[in-house]
Amino acid sequence: CHLIHYLRLSHHLVVLNYVIWTFDKLKSVSSEDINITDAVFDGVEVRVFEPPAKRDERLKRSVVYIHGGGWALASARTSLYNNLCRIMAESLNAVVVSVEYRLVPEVCFPEQFHDALRATKHFLQPDVLAEYSVDPSRIAISGDSAGGNLAAAVCQQLSKDEHLTIRPKLQALIYPVLQAFDFNTPSYQQNMNMPVLPRYVMINYWIDYFNGNYDLAHSLLINNHTALDVGQALSFRGRLNWTSLLPSSFKKNYKPVIQTTGKAEIIQEIPALLDVRAVPLLAENETLQLQPKTYILTCENDVLRDDGVMYAKRLENAGVEVTLDHFDDCFHGCMIFTIWPTDFSAGIQTRNSYIKWLDENL
């Protein structure tokens with residue numbers, strides 16, 4: 001893929017997505033128990049999973065789900081996410097709306113955020129909820145990895161929209177990516193070479209999302225973009241101080257990497273590095289206080305572990321009820337790997353815990 005990109009034949013993410021689809025041909029066919037249809041919500045494609053109506057049942061609960069893949073890979077229509085959303089619809093007897101936002105390199109930030117926000121706001125309209133027989137008071141927004149990033153950002157935006165009459169009751173974030181301020185948190189240091197999502201791959205996903213230059217990767221890796229002399233970053237530093245936000249069991253013996261002098265031009269070139277629509281962990285406390293009851297799933301073997309743990313702590317400090325569901329023996333992305341040949345026990349374990357929380361709280 002990278003050779004093809006280097007030769008300028010195509011972007012490597014386009015090639016990788018083509019490979020994914022080649023091995024994952026899936027038609028839009030409803031299962032026996034779940035009706036699966038494709039629709040367009042305010043110009044954004046979605047896939048809707050509807051369980052059959054039960055006798056004497058008036059309205060169903062619902063989950064808006066946003067898939068992961070570094071804002072660049074996968075789809076609501078791939079078998080892994082199709083399977084997850086179908087099982088959620090069956091287990092919860094809920095209408096699940098899976099958002100098919102546009103991907104890098106077709107579009108970059110903030111378009112993925114705008115797609116997820118438009119689709120969610122469209123669904124939250126009373127007449128649309130009535131069309132799908134959804135209870136307006138029992139809606140969750142959820143996503144994994146980059147989808148967790150979009151879910152958190154959308155939830156923050158919805159909480160500040162004074163014109164909305166219906167908002168999510170819950171948010172459920174699965175190993176979310178929430179910040180690009182510090183690439184040397186303990187989990188980034190501990191898992192820098194961990195398979196599935198090593199640190200350099202996550203940094204490249206951020207660069208692609210922001211349509212930045214790969215030449216900046218090393219400076220980002222050593223936190224040059226948030227050095228003490230980078231004035232734009234100063235006001236955010238207190239919102240992401242992992243020495244106070246993480247428990248000692250996660251901090252271990254790792255030391256903060258804070259450069260005295262850095263490169264302010266990085267923020268000038270990529271201002272989105274400090275845009276809360278892209279990095280929800282940096283939101284102000286006034287926004288966090290407005291967030292709904294929250295579930296955050298984290299895995300020990302994941303560079304993003306501390307993103308989720310710090311967000312849980314900041315939300316808790318802001319007065320939000322939070323469940324932090326941490327798995328010591330699991331890895332990033334594990335929850336979607338539940339079907340052969342990648343049917344891992346870690347996937348079943350995390351998926352069951354996630355669905356159980358939704359079932360008890362939605």
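# Exercises on backbone, strands and cysteines

N211 is placed in the loop between α8 and α9 (217-221), and this loop residue opens a set of exercises on a model that is predicted.

**Exercise 1.** Determine which sign phi takes at N211 and at V196, and decide whether each residue is buried or exposed.

*Solution.* Begin with the general expectation, which is that most residues other than glycine have a negative phi. Next, read the torsion of N211, where phi is near 55°, a positive value in a residue that is not glycine. Then turn to V196, which is also no glycine and has a positive phi of about 80°; V196 sits in the loop between α7 (186-190) and α8 (199-209). Finally, compare accessibility with the cut-off of over 50% for exposed residues: N211, with a relative accessible area of 61%, is exposed, and V196, at 52%, counts as exposed as well.

**Exercise 2.** Find which element contains P105 and P110, and assign the peptide bond that precedes each proline as cis or trans.

*Solution.* Locate the residues: P105 lies in the loop between β4 (94-100) and α4 (111-123), and P110 is likewise in the loop between β4 and α4. Now inspect omega, bearing in mind that most peptide bonds are trans. For the bond joining V104 and P105, omega is about 5°, and the bond is cis. For the bond from F109 to P110, omega is near 10°, and this bond too is cis.

**Exercise 3.** Describe how β4 is paired with β2 and β3, and establish how many of its residues are buried.

*Solution.* Take the partners in turn. Strand β2 (residues 44-50) pairs with β4 in the antiparallel sense over five bridges, and within this pairing E45 has E100 of β4 as its bridge partner. Strand β3 (residues 60-66) runs parallel to β4 and is joined to it by six bridges, with I66 standing opposite V99. Between these two parallel strands the chain passes from β3 through helix α3 (residues 79-92) to β4, in a right-handed β-α-β crossover.

The next step concerns the side chains, which in a regular strand alternate between the two faces of the sheet. In β4, A94, V96, S98 and E100 point one way, while V95, V97 and V99 point the other way, and all of them are buried. Because seven of the seven residues of β4 are buried, the strand is largely enclosed by the rest of the structure.

**Exercise 4.** Establish how many disulfides the whole structure contains, and explain why C85 is in none.

*Solution.* Recall that a disulfide is a covalent bond between the sulfur atoms of two cysteines. A search of the whole structure returns zero disulfides. For C85, the closest cysteine sulfur, that of C334, is 16 Å away, so the separation is too far for a bond. C299 is in no disulfide either, with the sulfur of C334 nearest at 4.0 Å, to be set against a cut-off of 2.5 Å. Both C85 and C299 are buried at 0% relative accessibility.

**Exercise 5.** Characterise T298 by its strand, its burial and its contacts.

*Solution.* T298 belongs to strand β7 (residues 293-301) and, at 1% relative accessibility, counts as buried. Its side chain makes a polar contact of 2.8 Å with the side chain of H326. Leaving aside residues up to four places away in sequence, T298 touches R305, G308, V309, L324, D325, H326 and F327.

Key. Residues are numbered from 1 along each chain as its sequence is written. This is a predicted model: local features need pLDDT of at least 70, side-chain atom pairs count only at pLDDT 80 or more; totals for chains, interfaces and linings use all residues. Side-chain values use heavy atoms; hydrogens and water are left out. Helices (H or I, at least four residues) and strands (E, at least two) are DSSP runs, numbered from the N terminus. Buried means under 20% relative accessible area, exposed over 50%, partly exposed in between (1.4 Å probe, protein chains only). Two strands pair if DSSP finds at least two bridges between them. A crossover is right-handed if, with the strands pointing away from the viewer, the path from the first strand over the helix to the second runs clockwise. A polar contact is a pair of N or O atoms within 3.5 Å; within protein, one must be able to donate a hydrogen and the other to accept it, and residues adjacent in sequence count only if both atoms are side-chain atoms. Contact means heavy atoms within 4.5 Å.
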